Each structure stands twice: as structure tokens, then as C-alpha cells.
Amino acid sequence: MHRLLAVLVLLVLALAGCSSGRDEVVVYAALDREFSEPILNDFTKETGIAVVAKYDVESTKTVGLTQAIIAESNRPRCDVFWNNEVLNTLRLEEKGLLAAYRSPLAESYPEQFRSQDGTWHGFAGRARVLLVNTKVVPKDEMPKSIYDLADKKWNGKVGIAKPLFGTSATHAACLFAALGDEKAKDFFRSLKANKIKIQGGNKQVAVAVGSGQLAFGLTDTDDAIIELERGAPVVIVYPDREKSELGTLFIPNTLCILKGAPHEQAARKLVDYLLSPA
């Protein structure tokens, strides 16, 4: 009997140890794991707060995680959503799913890159660029505009990521806002007519250009820089820079804390850490 009681006491203590809870924060990260995970690991080393991270696949990132957050809204599991763009963050804000937190570190950021009521913070802006293979494209034929994706001489030789997810979807939305519905539709129709290659994600666009499968493509600076660093014969072109042109689109990563987050204090510490100069 005494032995049974002793076993029960040990079990209770073990369970209590499990449920006492380590200091942790749950992060849904749409930014590529190869970029976000090392930073989250550094956060744990510096603070002792364990990060439980959920990443999404390249083809559905942002949208997949946003859908998960909406589905879990009655009982949130996610503390911090590290989005690689802003569109779906605004979607969550409209649904009233974001908690207000005015990080003191956000004050150094321009006002257009943070919510007025503190529900999201923008940081780590990336440009939408043309990555060009210099072995395929002669120097005197370098593209300078996103409209060059529809140039007939590059028929079937250029690519974009499917414009339904991540920064590609945000870029499409910005084009509709800047050009108006009809001109934006005409642009995408011209890409289709030019037999543009639709890739699973921006990373796949960059890899296809780096390997010479595509002459050039529209991608993000982070994916483009990887191809540069690995020695691929590529150059980055910031498109539409003339005064009369659209300009190069820069899209920030965004951070938000979910309303009802299970680990709100740890979430605030993570947001502060990610917004810090380092």
C-alpha cells in the first residue's frame, strides 16, 4: 500500500512538472524557415524562452497559416504570427483577431509600416525584383520593368510565382490598386499570352533563373540573394525606377500578437526582439 502511494505521489509530481509550464512562445512563421529559424533560435539562447514554431510550405505560405489562425480563433494556439507580407495580416486585423501591443521599439519605424492602434508591426522590407540570368540574357537586352515579362521575345522563357500566396499575392493586389482593375487584368492577360512559367513560389522562380531554365523572373530579394551568394550567373534588377514608372514595390514582413494568445508576455518579448536593431 505504501509502495503504491509512493508511486502515485511520484506520478503526480511528474505530471505537475509537465504542466507547470516552461516559458515558451508559439510562433506561426510564413518567412522561409531557413531565414526565420536561426533568429528564433537566437531569441531562445538570449532569453531562455522556448520557441514552438509552425512553418508553412512554399506554395501556400501566409494563406495556409492565416487560415489556421482563423480556424483556431475560438481557442488560439498561436501567440505571434510572423508574416512574410502584410495583406493577410490586414485580413486578420479586419476580423478582429489581433491584440494591440505598442512595442517601444516600433517608434523608430515609419508610421506607414505599423498599425495606428498597435495591432501589427512592419519590419524587414523586401523588394520585388527581376532576377536575370546573364548567360541567357545579353547585357543590351536586360529587362528594366515588370512589363518586360510580357515581351514576346521572351515567350515561354520567363516566370513568376503563382500570384495567390505570400508576396506574389500582395504584389498582385498592389497592381490592382495602382493600375485599376482593367489595366491590372490586361497585365496578367499579357503574361498568360506570353506563356509565362508559373512556379510554386518565389524561391522556385529564383532557382529556375539561376539554373538557366528561365531567362529571368519576378521574385523577392531574399530568394534572389541566395542565388547570387551560391555563385549563379545572375544579376538583380530593381524594376520600373523611372519617374514615369510604377517604381519597385517593397513589402514588409509583419508581426502581430493574436487576441487571446496563451503566452502574451513571452509574445511581447519576441516582438520586441524581432523589432530590435540587431
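1. Two residues are said here to be in contact when heavy atoms of theirs lie within 4.5 Å. The model under discussion is a predicted one, and this meaning of contact applies to the first residue considered, Thr219. Leaving aside neighbours within four places in sequence, Thr219 is in contact with Ala127, Arg128, Val129, Leu131, Asn202, Val205, Ala206 and Ala224. Thr219 belongs to strand β8, which covers residues 216-220. Its relative accessible area is 0%, and this is under the 20% cut-off, so Thr219 counts as buried. The side chain of Thr219 also comes to 2.9 Å from the backbone oxygen of Asn202.

2. Thr167 may be read alongside Thr219. Thr167 is placed in helix α5, residues 166-179. Because its relative accessibility is 1%, Thr167 counts as buried. With neighbours within four places in sequence again set aside, the residues in contact with Thr167 are Asn84, Glu85, Arg126, Arg128, Asn202, Asp220 and Ile251. Asn202 and Arg128 appear among the contacts of Thr167 and also among those of Thr219.

3. For the chain as a whole, the model has nine helices and 10 strands. The C-alpha trace spans about 85 × 40 × 35 Å along its principal axes. Of the 278 residues, 45% count as buried. Among contacts between residues at least 6 apart in sequence, 73% join residues at least 24 apart.

4. Helix α3, residues 63-71, has Leu65, Thr66, Ala68 and Ile69 as its buried residues. Viewed down the axis of α3, these buried residues fall within an arc of 160°, and therefore they line one face of the helix. The general reasoning is that an α-helix has 3.6 residues a turn, so residues three or four places apart point the same way. The partners against which the buried residues of α3 pack are the strands β1 (24-29), β2 (50-55), β3 (80-83) and β10 (250-258), together with helix α4 (87-94).

5. Which residues lie nearest the centre of the largest pocket? They are Ile39, Trp82, Phe123, Ala124 and Leu274, out of 17 residues that line the pocket. The space in this pocket amounts to about 300 Å³. At least two lining residues come from each of α2 (33-47), β5 (121-133) and α9 (264-275). Helix α2 gives the most to this lining, namely four residues. By class, the lining of the largest pocket comprises 11 nonpolar, two polar and four charged residues.

6. Ala124, one of the residues nearest the centre of the largest pocket, merits a separate remark on its backbone. Most residues other than glycine have a negative phi. The phi of Ala124, however, is near 50°, a positive value in a residue other than glycine. Ala124 is found in strand β5. With a relative accessible area of 42%, Ala124 is partly exposed.

7. Lys195 also has a positive phi in a residue other than glycine, near 55°. Lys195 is located in the loop between α6 (181-193) and β7 (197-199). Its relative accessible area is 55%, so Lys195 is exposed. A reader checking the backbone may wish to view Lys195 in its loop and Ala124 in its strand.

8. The search for enclosed space covered the whole structure and found two cavities of 30 Å³ or more. The second largest cavity has a volume of about 90 Å³. It is lined by 13 residues, and those closest to its centre are Arg128, Ile160, Ser168, Phe188 and Leu218. Strand β6 (158-161) and helices α5 and α6 each supply at least two residues of this lining. The largest share, four residues, comes from α5. The lining of the second largest cavity has 10 nonpolar, two polar and one charged residues. Arg128, listed here as close to the centre of the second largest cavity, is also in contact with Thr167 and with Thr219.

9. Where is Gln112 placed? Gln112 is in the loop between β4 (98-99) and β5. Gln112 is exposed, because its relative accessible area is 58%. Gln112 and Thr254 are 142 residues apart along the chain, and their C-alpha atoms are separated by 12 Å.

Key. Residues are numbered from 1 along each chain as its sequence is written. This is a predicted model: local features need pLDDT of at least 70, side-chain atom pairs count only at pLDDT 80 or more; totals for chains, interfaces and linings use all residues. Side-chain values use heavy atoms; hydrogens and water are left out. On a 1 Å grid over the protein atoms alone, a cavity is a set of points where a 1.4 Å probe fits but cannot get out, and a pocket is an open set with protein on both sides within 12 Å along at least five of seven lines; lining residues have an atom within 4 Å of a point. Grid points are joined across faces, edges and corners, and a volume is the space filled by probe spheres set on the points. Ala, Val, Leu, Ile, Met, Phe, Trp, Tyr, Cys and Pro count as nonpolar, Asp, Glu, Lys and Arg as charged, and the others, Gly among them, as polar. Buried means under 20% relative accessible area, exposed over 50%, partly exposed in between (1.4 Å probe, protein chains only). A polar contact is a pair of N or O atoms within 3.5 Å; within protein, one must be able to donate a hydrogen and the other to accept it, and residues adjacent in sequence count only if both atoms are side-chain atoms. The arc is that of the directions from the helix axis to the C-beta atoms.
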